[in-house]
Amino acid sequence: MAKGKGGNVVAAVTELAKPIAEELGLELWDVRFLKEGTDWFLRIFIDKAEGVNITDCEAFSRAINDPLDELDPIEQSYCLEVCSPGLERDLVRPEHFIRCTGEKIKVKFIRPINNVREFSGVLESSDGNRIVLRLEDGSAMEIDKKETSYIKLDDFE
């Protein structure tokens, strides 16, 4: 078993899952290993251009099950969940921001800016640590990702 914290598990599972997803015509969106209450969850988010369905999730789950057991990167018992990132998906990794440049997003700040905590606009650019959000009034807002609670795709008006 690979010892260590969730980050090592995420890296190991990401490396294992990416080629399996590609083989099935899917994209690996994200991997998360987290504790909720007393239970641990390994969540693998998959995607494809036309969206994923339950059949895609089942196929990926079956395909990764044996390789995951063989790799055995997790010390404790856990629940494996394979799912879609959803329409209002979290943008976390650099490739998420690259892929979603030009898309409408919403950003929630940890601390309010001028008494406003959530902003929506078009993702104009990203350099890994900062993003530029084009607001509806045409102004640009430069945002340090460390100051945000979340950054999500905003598909709903």
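Visitor: How should I read a contact here, and what share of contacts joins distant parts of the chain?
Guide: Contact means heavy atoms within 4.5 Å. In this predicted model, residues 24 or more positions apart account for 53% of the contacts with a separation of 6 or more. Local features need pLDDT of at least 70, side-chain atom pairs count only at pLDDT 80 or more, and totals for chains, interfaces and linings use all residues. Residues are numbered from 1 along each chain as its sequence is written, and side-chain values use heavy atoms, with hydrogens and water left out.

Visitor: How many helices and strands are there, and what pattern do they follow?
Guide: Helices (H or I, at least four residues) and strands (E, at least two) are DSSP runs, numbered from the N terminus. This chain has three helices and eight strands. Their pattern along the sequence is α-β-β-α-β-α-β-β-β-β-β. The C-alpha atoms fill a box of roughly 55 × 35 × 25 Å along the principal axes.

Visitor: How many residues are in the chain, and what percentage of them is buried?
Guide: Buried means under 20% relative accessible area, exposed over 50%, and partly exposed in between (1.4 Å probe, protein chains only). Of the 157 residues in the chain, 35% are buried.

Visitor: Which residues have the most contacts inside the largest nonpolar core?
Guide: A nonpolar core is a set of buried Ala, Val, Leu, Ile, Met, Phe, Trp, Tyr and Cys residues joined through side-chain atoms within 4.5 Å. The largest one here has 21 residues. Those with the most contacts inside it are Val13, Val31, Leu42, Ile44, Ile46, Phe60 and Ile64. Helix H1 (6-23), strand E1 (27-36), strand E2 (39-47) and helix H2 (54-71) each give two or more residues to this core. H1 gives the most, with seven residues.

Visitor: What does Phe60 touch?
Guide: Leave out residues up to four places away in sequence. Phe60 then touches Ala17, Ile20, Ala21, Leu24, Leu26, Ile44, Ile46 and Val82. A second, separate core has 17 residues, including Phe97, Phe109, Leu135 and Ile143.

Visitor: How is empty space found, and what is the volume of the largest pocket?
Guide: Rolling a probe the size of a water molecule over the atoms shows where empty space is left. The search uses a 1 Å grid over the protein atoms alone. A cavity is a set of points where a 1.4 Å probe fits but cannot get out; a pocket is an open set with protein on both sides within 12 Å along at least five of seven lines. Lining residues have an atom within 4 Å of a point. Grid points are joined across faces, edges and corners, and a volume is the space filled by probe spheres set on the points. The largest pocket has a volume of about 180 Å³.

Visitor: Which residues line the largest pocket?
Guide: The lining is Thr14, Lys18, Glu22, Leu26, Glu27, Leu28, Trp29, Asp30, Val31, Arg93 and Glu95. H1 and E1 each supply at least two of these residues. E1 has the largest share, five residues. For residue classes, Ala, Val, Leu, Ile, Met, Phe, Trp, Tyr, Cys and Pro count as nonpolar, Asp, Glu, Lys and Arg as charged, and the others, Gly among them, as polar. The lining divides into four nonpolar, one polar and six charged.

Visitor: How many salt bridges does the structure hold?
Guide: A salt bridge is a side-chain nitrogen of Lys or Arg within 4 Å of a carboxyl oxygen of Asp or Glu. The structure holds 14. One of them joins Arg99 and Glu27 (2.3 Å, N to O). This pair links distant parts of the chain: Arg99 in helix H3 (residues 94-99) and Glu27 in strand E1, 72 residues apart. Arg99 is partly exposed at 40% relative accessibility, and Glu27 is partly exposed at 30%. Glu27, Asp47, Arg89 and Arg99 are linked in a network of salt bridges.

Visitor: Is Lys48 buried or exposed, and what is its salt-bridge partner?
Guide: Lys48 counts as buried at 18%. Lys48 forms a salt bridge with Glu50, the closest N and O atoms being 3.8 Å apart. Glu50 is exposed at 63%.

Visitor: What parts does the pair of Glu88 and Lys106 tie together?
Guide: Their closest N and O atoms are 3.3 Å apart in a salt bridge. Glu88 lies in the loop between strand E3 (79-83) and H3, and Lys106 in strand E4 (residues 104-113), so the pair ties together parts 18 residues apart in sequence. Glu88 is partly exposed at 27%, whereas Lys106 is buried at 14%.
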